[in-house]
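Please read this briefing alongside the sequence and the 3D structure. The topics are the order of elements, the sheet, and the nonpolar cores.

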Amino acid sequence: MHKKIIFLLILILVTIQSAHASIYLDVWTDQYVYHLDEPITVYIYGTGFGFPGPTLQFPTSCQVDYIMDGTYDSFPGLCIYIVTYVTLPHTWEIEHDFSGYAPGVGSHSISAYMHPPHGMFCSSETNYFIVIPNPDINRDGRVDFRDVSIFGKAWKSTPSDENWDSSCNLAPPNNIIDESDLKVIADSWLIELEY
Ligand SMILES: [Ca+2]
């Protein structure tokens with residue numbers, strides 16, 4: 001009888017662990033290509049919570065987060081999303097705050113992270129997005145002659161020149177404002193951007 005109870009306890013523990021181990025987080029961004037400083041919305045889709053059931057509710061809670069380029073900022077409210085009641089599976093939508101970590105031009109990785117206890121047996125997808133230079137130099141939401149006017153003042157300058165303007169260095173890393181930078185503007189001529 002005693003052995004039977006121990007067996008049942010072990011069975012319950014194994015079942016709980018198996019259920020936890022099935023938690024899976026898929027993560028992606030609302031766009032694949034961003035201009036520099038453009039807002040990023042992160043989506044995290046959680047499945048397989050199992051125990052304690054398909055609905056997560058108070059006092060049980062979980063904390064889901066994302067890690068960009070391996071950089072995790074735990075500052076409260078920056079990119080942490082605490083859930084006390086949700087029907088699962090569920091998609092979390094989180095705005096990326098650039099004051100924590102501003103991704104520069106290039107390719108970036110993003111993965112999801114769920115804090116313990118639910119995250120103890122959690123696995124996450126890693127996804128990617130790219131950031132390209134922003135030809136909207138004056139950030140007024142439109143690539144037009146106003147940007148070309150600013151660009152013209154920095155023409156053929158290098159970082160040691162007085163008229164150097166890093167916001168015109170659109171095709172790094174050559175560090176001279178030249179035809180390659182002008183091509184970035186030309187390729188985006190009259191496009192409209194939201195910030
Ligand atoms: Ca502009």
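From the N terminus on, the chain runs α-β-β-β-β-β-β-β-β-β-α-α, with helices (H or I, at least four residues) and strands (E, at least two) taken as DSSP runs and numbered from the N terminus. This is a predicted model, in which local features need pLDDT of at least 70 and side-chain atom pairs count only at pLDDT 80 or more, while totals for chains, interfaces and linings use all residues. Residues are numbered from 1 along each chain as its sequence is written.

**Sheet**
- An open sheet of 4 strands, with mixed pairing, has the order β6-β3-β1-β8, where two strands pair if DSSP finds at least two bridges between them.
- Because β6 (90-95) and β8 (123-124) stand at the edges with a single partner strand each, one side of each is left without a neighbour in the sheet.
- β1 and β3 run antiparallel and are joined by 6 bridges, and T29 stands opposite V42 in β3.

**Nonpolar cores**
- The largest nonpolar core (buried Ala, Val, Leu, Ile, Met, Phe, Trp, Tyr and Cys residues joined through C-beta atoms within 7 Å) has 15 residues, a residue being buried if 20 or more other C-beta atoms, placed from the backbone, lie within 10 Å of its own.
- The elements that give two or more residues to this core are β1 (24-29), β3 (41-47), β4 (55-68) and β7 (106-114), and β4 gives the most, with 4 residues.
- A second, separate core of 8 residues includes V143, F151, C168 and I177.

Conventions: Buried ≥ 20, exposed ≤ 12 C-beta atoms within 10 Å, placed from the backbone.
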